[in-house]
Amino acid sequence: MLIIYAVTKPSSILQRLYSMMKTLLTLALYFLSFHLFAQDSLIIKREFANKQYINIYKENSDFSYTSPAGELGAPSKYVINGRLTTTYMLLGSYKSPVAFSIIPDFTVRVRNEASAGVRTPSYRLGSVLYARLNMNPEDYKYAELAFTHHSNGQDQSALNQDGTVNTLTGNFNANYLTASYRFGHLTPIGANESYSSFNHRVGLQWYKFFRYEPALDLGFGFTRVLYNFSWRKYDQIERNARNKAKVKTKKETWRLNTEVSYAVNKIPAKNLGNLKKRLNAEINFNYSFPFMNNVFLMAAAGYYGEDNYNIYFQDHYGYLRLGFSSGFLRNRSRHYDN
């Protein structure tokens with residue numbers, strides 16, 4: 001019997017092992033590169049979202065306004081009313097999904113009398129913590145928790161000797177937490193390069209966790225359910241000029257705001273269905289002409305079941321307010337760098 005042995009050269013085996021190791025190493029490097037690229041891409045998306053959300057937080061803040069004659073329909077007559085508020089973004093890093101701001105909010109009503117007195121101005125100073133909940137600024141979702149101190153700068157007793165509220169020089173002070181969930185959507189850009197945004201806020205407000213003026217026990221909305229809605233329209237207002245570089249500028253043309261709050265705590269002699277006392281509601285429309293910069297003409301209509309100015313919390317009335325408003329506005333294109 002003839003037996004034939006096939007002998008494989010050692011050099012051939014080494015070549016095969018080398019080829020296999022080279023292939024495995026190449027695959028490992030490929031998967032590692034893909035993983036690192038995916039991580040870098042995710043980090044870039046997160047940083048972009050963090051940066052864009054800072055603008056959203058500011059745009060969703062309340063407007064400042066100046067209103068000649070103030071709230072028309074109020075029990076008192078006013079020469080002018082004004083509200084001044086802004087947002088100091090102390091923490092707003094593109095590295096963090098969490099942000100923090102301080103918000104001063106001052107409202108005054110100048111009374112229509114000989115001295116044009118303010119009497120009891122309304123001071124609010126708050127801090128707000130924001131938490132981004134998704135990475136899409138055009139379908140945003142975020143939570144916020146705010147602590148606010150509210151006072152009027154007066155130091156006399158909040159009650160008169162007959163037990164009524166001292167609205168002339170009476171002290172008012174309260175502190176409260178507000179927890180909110182905010183979400184919104186920006187529509188696609190249309191053929192005329194305009195678009196809109198729809199913005200919502202659902203929240204709950206608590207006062208009794210903190211010190212407050214005891215006179216408020218006479219009937220104050222210590223716990224309120226909140227809902228706000230805002231519809232905003234953005235247009236292109238400056239078109240390409242002849243013989244100049246391509247420039248496109250977007251401007252917020254108008255904003256429709258609605259806000260509703262309802263007191264759900266126990267109020268003496270006022271059941272839970274007492275709209276006249278428990279409901280606060282306002283709708284305001286703000287329009288900016290093309291020649292205006294960061295300012296609107298404002299018209300508002302509303303109802304105070306509880307005047308939120310401060311010591312006037314027992315007043316309830318319907319009102320109109322006309323004037324000028326301003327805030328943090330989106331005055332640039334989403335897809336062009338101006």
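Hi everyone, this is a short walk through one protein chain, from its overall make-up down to a few single residues.

Before we start, please keep in mind that this is a predicted model. Confidence is worth a look, then. Across the chain the pLDDT averages 88, and 88% of the residues score at least 70. The stretch to be careful with is residues 332-338, where pLDDT stays under 50. The model still gives that stretch 22 contacts beyond four places in sequence. Where pLDDT is low, though, the predicted coordinates should not be read in detail, so I will leave that part alone.

Now the overall picture. The chain has 2 helices and 13 strands. Of its 338 residues, 41% are buried. The accessible surface is about 19,300 Å², and carbon and sulfur atoms account for 62% of that. How do the contacts spread along the sequence? If we take contacts between residues at least 6 apart, 62% of them join residues at least 24 apart.

Let's look at some strands. Strand β1, residues 64-68, has two pairings I would like to show you. With strand β13, residues 317-326, β1 runs antiparallel, and 3 bridges join the two. One residue to find there is threonine 66, whose bridge partner in β13 is phenylalanine 324. β1 also pairs with strand β2, residues 78-85, again in the antiparallel sense, over 4 bridges. Here serine 67 has asparagine 81 of β2 as its bridge partner.

While we are in β2, meet tyrosine 78. Is tyrosine 78 buried or exposed? Its relative accessibility is 8%, and the cut-off for buried is under 20%, so tyrosine 78 counts as buried. Leaving out residues up to four places away in sequence, tyrosine 78 touches Ala69, Arg109, Val110, Arg111 and Asn112. Glutamate 113 is 35 residues along the chain from tyrosine 78, yet their C-alpha atoms are separated by 8.2 Å.

Next, the inside. In soluble globular proteins, nonpolar side chains tend to be buried together. The largest nonpolar core in this chain has 15 residues. Those with the most contacts inside that core are Ala174, Tyr207, Leu216, Phe220, Phe222 and Ile311. Take phenylalanine 222: beyond four places in sequence, its contacts include Trp206, Tyr207, Tyr212 and Leu216, along with Asp217 and Asn265. There is also a second, separate core of 12 residues, with Ile54, Ile56, Ala99 and Ile103 among them.

Finally, two loop residues. Asparagine 171 is in the loop between β6 (141-151) and β7 (173-186). With 17% relative accessibility, asparagine 171 counts as buried, because the limit is 20%. Which side chain does asparagine 171 join through a polar contact? The partner is glutamate 213, at 2.9 Å. Among the other residues that asparagine 171 touches are Asn152, Gln154, Asp155 and Ile311, and Ile311 is one of the core residues I listed a moment ago.

The other loop residue is leucine 218, between β8 (195-206) and β9 (223-238). Its relative accessible area is 42%, which makes leucine 218 partly exposed. Beyond its neighbours within four places, leucine 218 is in contact with Leu159, Gly163, Val165, Pro268 and Gln314. Leucine 218 and phenylalanine 313 are 95 residues apart in sequence, and from C-alpha to C-alpha they are 9.8 Å apart in space.

That's my tour, thanks for listening!

Methods. Residues are numbered from 1 along each chain as its sequence is written. This is a predicted model: local features need pLDDT of at least 70, side-chain atom pairs count only at pLDDT 80 or more; totals for chains, interfaces and linings use all residues. Side-chain values use heavy atoms; hydrogens and water are left out. Two strands pair if DSSP finds at least two bridges between them. Buried means under 20% relative accessible area, exposed over 50%, partly exposed in between (1.4 Å probe, protein chains only). Contact means heavy atoms within 4.5 Å. A polar contact is a pair of N or O atoms within 3.5 Å; within protein, one must be able to donate a hydrogen and the other to accept it, and residues adjacent in sequence count only if both atoms are side-chain atoms. Accessible areas come from the Shrake-Rupley method with a 1.4 Å probe; for residues, only the protein chains shown count as cover. A nonpolar core is a set of buried Ala, Val, Leu, Ile, Met, Phe, Trp, Tyr and Cys residues joined through side-chain atoms within 4.5 Å. pLDDT is the predictor's confidence in each residue, from 0 to 100.
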